[in-house]
Amino acid sequence: MNETSAALATARWPLTAAGETDWLRELADDDGLTGFMPLALPDAAWVLHSMYEHELGPTDMSYATYQRAVLNGGGPEVIPGLDPADVFGGTPGEPRGPRWRRLRWAELSRRTGDPVAPEGRLPCYRSFPSLWESNGWPVGISGPSEGSLDRTDWNRLVDILTEHSPQGAETRCLAYYNPLLQRAEDFDNLHVRAGTLADAKALYDHPDEDGWTPSNLWAQDRSWVLCTDYDLWATKVAGPAALVETFLNDTEVEAVRLPWAL
């Protein structure tokens, strides 16, 4: 955690009234337990959470099998050339080590023959069934984060939102964290913070949010809204067509349209 960023987030993102989510509750027709999933406003796209591949590539051993072997005393000899520190090291949400590269969903889809998202479904742990239906995901591929963005993707989302908001960095916005992110301790008083896009990157280091990105982030004028559902591997962006097109054409994040989930 960046201590300077954490202090900024604490100062600039105070808690605010739970009632700020009322419009989202009506829009999504949902209680927000895992996040309020918005309809298109008037357009929408899904930003796919990043995954990574080790320079050795996928192996014939599943992650679970490899983990058991390491816990039983195995080391680099379990898979020659692969140090367990390369697999289990690092900090969740932060860039992987130098031996890892970004693996695009589109590339993995071409390789496996699995669609990025089967029709009628959303990106989640059931994606890429050819990898997990037998023994689980192979060591050598680090799957997407569930229910939260990594720091690189979060920062890019904030940059794009800033470019497409009339008030730019001064855009007032709100962040909702679902109860499951708060250790499922309070389902009645919804957890909402208020701030600006200028300070949104600092939210990643908020000491009271345990490293989670918000379940929902939206402009106070309701022109756009993000939803990172607790159970999904992607973040929905709903807003003007120009904003959505920017996400779809961006070279840093990977975004897709899912016609059945607009």
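## A tour from R101 to the cores

Start by selecting R101, which at 36% relative accessibility counts as partly exposed. The model is a predicted one, and the stops below are meant to be followed in order.

**Stop 1: the salt bridges of R101**

Keep R101 selected and add E53. Their side chains meet in a salt bridge, with an N to O distance of 2.9 Å. E53 sits in strand 2 (residues 51–54) and R101 in strand 3 (residues 100–103); the two are 48 residues apart, and the pair links distant parts of the chain. E53 counts as buried because its relative accessibility is 6%, under the 20% limit.

Now add E107. Its side chain also meets that of R101 in a salt bridge, here at 2.7 Å, N to O. E107 is partly exposed, with a relative accessible area of 21%. Add R111 to complete the selection: E53, R101, E107 and R111 are linked in a network of salt bridges. The structure as a whole holds 16 salt bridges.

**Stop 2: the three-stranded sheet**

Stay with E53 and switch to a cartoon view. Which residue of strand 4 is the bridge partner of E53? The partner is I141. Strand 2 and strand 4 (141–142) run antiparallel and are joined by two bridges. Show strand 3 as well, and an open sheet of three strands appears, in the order 3-2-4 and with antiparallel pairing. Strand 3 and strand 4 are the edge strands, each pairing on one side only.

**Stop 3: helix 5**

Select residues 105–112, which form helix 5; its buried residues are W105, L108 and S109. Look down the helix axis: these buried residues fall within an arc of 105°, so they line one face of helix 5. An α-helix has 3.6 residues a turn, so residues three or four places apart point the same way. To see what covers the buried residues of helix 5, show strand 1 (43–48), strand 2, strand 3, helix 6 (129–132), strand 4 and strand 10, which are among the covering elements. Then step just past the end of helix 5 to G113, which takes a positive phi of about 85°.

**Stop 4: the largest nonpolar core**

Move to W154, L161, L217, W224 and F247. These residues have the most contacts inside the largest nonpolar core, which has 25 residues. At least two core residues come from each of helix 7 (151–163), strand 5 (172–177), strand 7 (216–219) and helix 8 (241–249). Helix 7 supplies the largest share, five residues.

Centre the view on W224 and display what surrounds it. Apart from neighbours within four places in sequence, W224 is in contact with L161, S165, C173, L197, L217, W218, A219, A238, G239 and L243. A second, separate core has 19 residues, including L48, L108, F128 and L258. Of these, L108 was already visited as one of the buried residues of helix 5.

**Stop 5: R156 and E252**

Return to helix 7 and select R156 together with E252. Their side chains meet in a salt bridge, 3.8 Å from N to O. E252 lies in the loop between helix 8 and strand 10 (254–256) and R156 in helix 7, so the pair ties together parts that are 96 residues apart in sequence. Are the two partners buried or partly exposed? R156, at 15% relative accessibility, counts as buried, whereas E252 is partly exposed, with a relative accessible area of 46%.

**Stop 6: R193**

Go on to strand 6 (residues 191–196) and pick out R193. R193 is buried, with a relative accessible area of 5%. Follow its side chain in two directions. The side chain of R193 reaches the backbone oxygen of W13 at 2.8 Å, and it makes a polar contact with the side chain of E209 at 2.6 Å. Not counting residues up to four places away in sequence, R193 touches W13, P14, L15, T16, C173, L174, A175, Y177, H206, D208 and E209. C173 also appears in the list of residues in contact with W224.

**Stop 7: L33**

Finish at L33, in the loop between helix 2 (22–28) and strand 1. L33 counts as partly exposed, at 33% relative accessibility. Setting aside residues up to four places away in sequence, L33 touches Y176, N178, P179, L180 and F187. Last, select C124: its C-alpha atom is separated from that of L33 by 17 Å, and the two residues are 91 residues apart along the chain.

Key. Residues numbered from 1 in each chain as written. Predicted model: local features only at pLDDT ≥ 70, side-chain atom pairs only at ≥ 80, totals over all residues. Heavy atoms only, no water. Core = buried A, V, L, I, M, F, W, Y, C linked by side-chain atoms within 4.5 Å. Buried < 20%, exposed > 50% of the residue type's maximum accessible area, 1.4 Å probe, protein only. Helix = DSSP H or I, 4+ residues; strand = E, 2+ residues; numbered from the N terminus. Contact = heavy atoms within 4.5 Å. Salt bridge = Lys/Arg side-chain N within 4 Å of Asp/Glu carboxyl O. Arc of directions from axis to C-beta. Polar contact = N/O pair within 3.5 Å; in protein donor to acceptor, adjacent residues only side chain to side chain. Pairing = 2+ DSSP bridges.
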